[in-house]
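Subject: Structure handover, salt bridges

Hello,

Here is the structure I said I would pass on. Please look it over first; my notes come after it.

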Amino acid sequence: MPDELQELQENAEHGKEGGLASVTVTMAILAVLVAAVSLMGHRSHTEELLLQTKATDQWAYYQAKDIRRRNYELFLDELSVFTLQSTDAVDKLKEKYAKEVERYKDEQKDIQAEAKGAEAEVQTQQRRADRFDLGEVLLEAALVICSITLLTRKKVFWQLGSFLGLVGVAIAAGAFFIH
């Protein structure tokens, strides 16, 4: 029993000399950062999908309005081709449907602008998610490189991993500045 206590004490002293405590703390911090950046990346991808759905819905709405407008235009063309008995009634119908065609054209402009705006938001969110993904990869690599220090006891791996971790954090933080 006393031999085991002495061995534990020597191992603890050796760990202090080797400076492995700072390596394990760095690894713990990197693990937390990987989790946080990963979460932000997943949320960004989810937001990207929601925005893409919104843009797709707007384009479908635009298409529906376009079909309706084209139907009215076709009806106006048919009124011009066919001879009808009451020209006053035909003129009123033409005027009514011409107004509808114009109304749909105006609505389509607004819908198209909203759809293009949603597409721009999708692109922004995609760039943001890409930043989080790259930051996550660098943080994971930093964690692995730091862990090599525990096996080799060479501080260069800890330093390289720490540097890579800082780069990963900086890249991931840059996602918050993308607008």
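The notes below deal with the salt bridges and the residues that form them.

Please keep in mind that this is a predicted model. The count of salt bridges comes to eight. Three of them are described here.

Between helices: Lys65 and Glu107 form a salt bridge through their side chains, with 2.6 Å from N to O. Lys65 belongs to helix α2 (residues 20–81) and Glu107 to helix α3 (residues 87–152), so this pair ties together parts that lie 42 residues apart in sequence. Lys65 has a relative accessible area of 13% and is therefore buried, since the cut-off for buried is under 20%. Its partner Glu107, at 22%, is partly exposed.

Within helix α3: Glu100 and Arg103 make a salt bridge whose closest N and O atoms are 2.7 Å apart. Both residues sit in helix α3, three residues apart, which is about one turn of the helix. Glu100 is partly exposed at 21% relative accessibility, and Arg103 is partly exposed at 35%.

Glu102 and Lys105 also pair through their side chains in a salt bridge, at 3.9 Å from N to O. These two are likewise in helix α3 and three residues apart, about one turn of the helix. Glu102 has a relative accessibility of 42% and counts as partly exposed; Lys105, with 33%, is partly exposed as well.

As for how the bridges connect, Lys65, Glu100, Arg103 and Glu107 are joined into one network by salt bridges that share partners.

Regards

Key: Residues are numbered from 1 along each chain as its sequence is written. This is a predicted model: local features need pLDDT of at least 70, side-chain atom pairs count only at pLDDT 80 or more; totals for chains, interfaces and linings use all residues. Side-chain values use heavy atoms; hydrogens and water are left out. A salt bridge is a side-chain nitrogen of Lys or Arg within 4 Å of a carboxyl oxygen of Asp or Glu. Helices (H or I, at least four residues) and strands (E, at least two) are DSSP runs, numbered from the N terminus. Buried means under 20% relative accessible area, exposed over 50%, partly exposed in between (1.4 Å probe, protein chains only).
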